[in-house]
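Visitor: Hey, could you walk me through this structure? I'm new to this, so plain words please.

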Amino acid sequence: MKQRIIEGKASYQQIGKVIGELGAKKILLVYTEPVKYLPVWEYIHALETPAVEFCEFTSNPKYEEVEAGVELFNREKCDAIVAIGGGSAIDVAKCIKLYCKMNKDTVYLKQEYTDTQVPLIAMPTTAGTGSESTPFAVIYYEGVKQSVKHASIIPDVAVLDGDVLTGLPVYQKKCTVLDALCQAIESWWSVYSTDESKAYSKRAIEKIMANVFEYVEENTERARDEIMSAANLAGRAICITATTAPHAMSYKVTSLYGFPHGHAVAINLHRVWRYMLENPSGCVDKRGADYLFTTFNDIANAMGYGSAEEACLGFEQMLERLDIRDPKESSKESAARILTDAVNVERLGNNPVRLDKDAIYKIYMEILKDEA
């Protein structure tokens, strides 16, 4: 589907015009609490179109919370959704859109997905996943993570305003920008990459590498705008290709050690990259090993390095400067085995070099540090 992207300073002030163009009579406003302290909050409530508020969900949204949102949407007879917040708010809004016309007496996850035609506007307040431009959402059903995917949940309009990043905690900014960088890199080397996805990845990587430290350490307006744009580009890239091994290997690290997603992915990425450089015979990309290693060097060049080997070292040094540390573990072998067994093999299908259990275990052993 063709998505409209509105970006720039105070771009949120175009939401009212978009709502008018959509002909919406009442919107469901899905948001997270910090949004109340942003200028967009007063702006939304000053519009002629009434807004029904919904924020009763957690950072890892539960199925029951989405159910409550669907019930509110239908009870209030809303006809459009505006999501403002981080990934959880946008994921919840996507699921409400997808489920709002389904049979409420049957678990929504078990029903066939169709396009409900409900307009969805998304405004991210973090710069990481690019969720505002992807067909993916994550919710938890009976404690188990559920990946929801349908083309129709790509928001009709994405509103990108770097000013919303001003007050984010520094560690959150580090983790989210690293997630965006890893998404762009992984999408580029994915076996499903296309000319379009690689163009998105290249622009995202160049923007992040040129602005990451200014964004984290100085918080300038220019850097915020560039990082917000880069995260969106990275999201559009993985919308085409999905992610690869570093993401697949990150999820158990997050649950086992409590690391935010971007932190967990980043400590995997350069290790996976080095393994692939050292094992060209394992290439599974149909375009061949020569193509793949040219791609690795193209990625390195976009990062500002002369070779893939230099890029791996540079990425590691970036993590050191950002103080993104490896987990400490008193029982490395046991923990590495737990992590290895938890890897979703399906996620490895996108990876351009084959990784077996022994390779994954070896990489985890490199990541885990002996507890002092």
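Guide: Let's go through the sheet, one strand, one residue and some helix pairs.

Guide: This is a predicted model, where local features need pLDDT of at least 70 and side-chain atom pairs count only at pLDDT 80 or more, while totals for chains, interfaces and linings use all residues. Residues are numbered from 1 along each chain as its sequence is written, and side-chain values use heavy atoms, with hydrogens and water left out.

Visitor: OK, so how many strands form the open sheet, and in what order?
Guide: There are 6 strands, in the order 1-8-5-4-2-3, with parallel pairing. Strands here are DSSP E runs of at least two residues, and helices are H or I runs of at least four, numbered from the N terminus. Two strands pair if DSSP finds at least two bridges between them.

Visitor: Which are the edge strands?
Guide: Strand 1 (4-7) and strand 3, as each pairs on one side only. From one strand to the next, the twist averages 20°.

Visitor: Which strands does helix 1 touch?
Guide: Helix 1 (residues 15-22) packs on the sheet and touches strand 1, strand 2, strand 4 (80-85), strand 5 (120-124) and strand 8 (157-160). Its direction makes about 165° with that of strand 5. Helix 7 (residues 221-241) packs on the sheet too, touching strand 1, strand 5 and strand 8. Angles run from 0 to 180 degrees between N-to-C directions, and axes are lines fitted to C-alpha atoms, for helices over the stretch in contact.

Visitor: Let's zoom in on strand 2. Is it buried or exposed?
Guide: Strand 2 (residues 27-31) has 5 of its 5 residues buried. Buried means under 20% relative accessible area, exposed means over 50%, and partly exposed is in between (1.4 Å probe, protein chains only).

Visitor: Which residues are on which side?
Guide: Ile-27, Leu-29 and Tyr-31 are on one side, with Leu-28 and Val-30 on the other. In a regular strand the side chains alternate between the two faces of the sheet.

Visitor: And what joins strand 2 to strand 3?
Guide: 4 bridges, and strand 2 runs parallel to strand 3 (residues 51-54). Val-30, for instance, has Phe-54 as its bridge partner in strand 3.

Visitor: Switching topic: where does Ala-230 lie?
Guide: Ala-230 lies in helix 7. Ala-230 is buried, with a relative accessible area of 0%. Leaving aside neighbours within four places in sequence, Ala-230 is in contact (heavy atoms within 4.5 Å) with Ala-204, Lys-207 and Ile-208.

Visitor: Cool. At what angle do helix 11 and helix 12 pack?
Guide: Helix 11 (residues 289-303) and helix 12 (residues 308-321) pack at about 50°, with their axes 8 Å apart. They are therefore oblique to each other. Angles under 35 degrees count as roughly parallel, over 145 as roughly antiparallel, 65 to 115 as roughly perpendicular, and the rest as oblique.

Visitor: Which residues meet there?
Guide: Phe-296, Asn-297, Ala-300 and Met-303 in helix 11 meet Ala-308, Ala-311 and Phe-315 in helix 12. By class, that contact has 6 nonpolar, 1 polar and no charged residues. Ala, Val, Leu, Ile, Met, Phe, Trp, Tyr, Cys and Pro count as nonpolar, Asp, Glu, Lys and Arg as charged, and the others, Gly among them, as polar.
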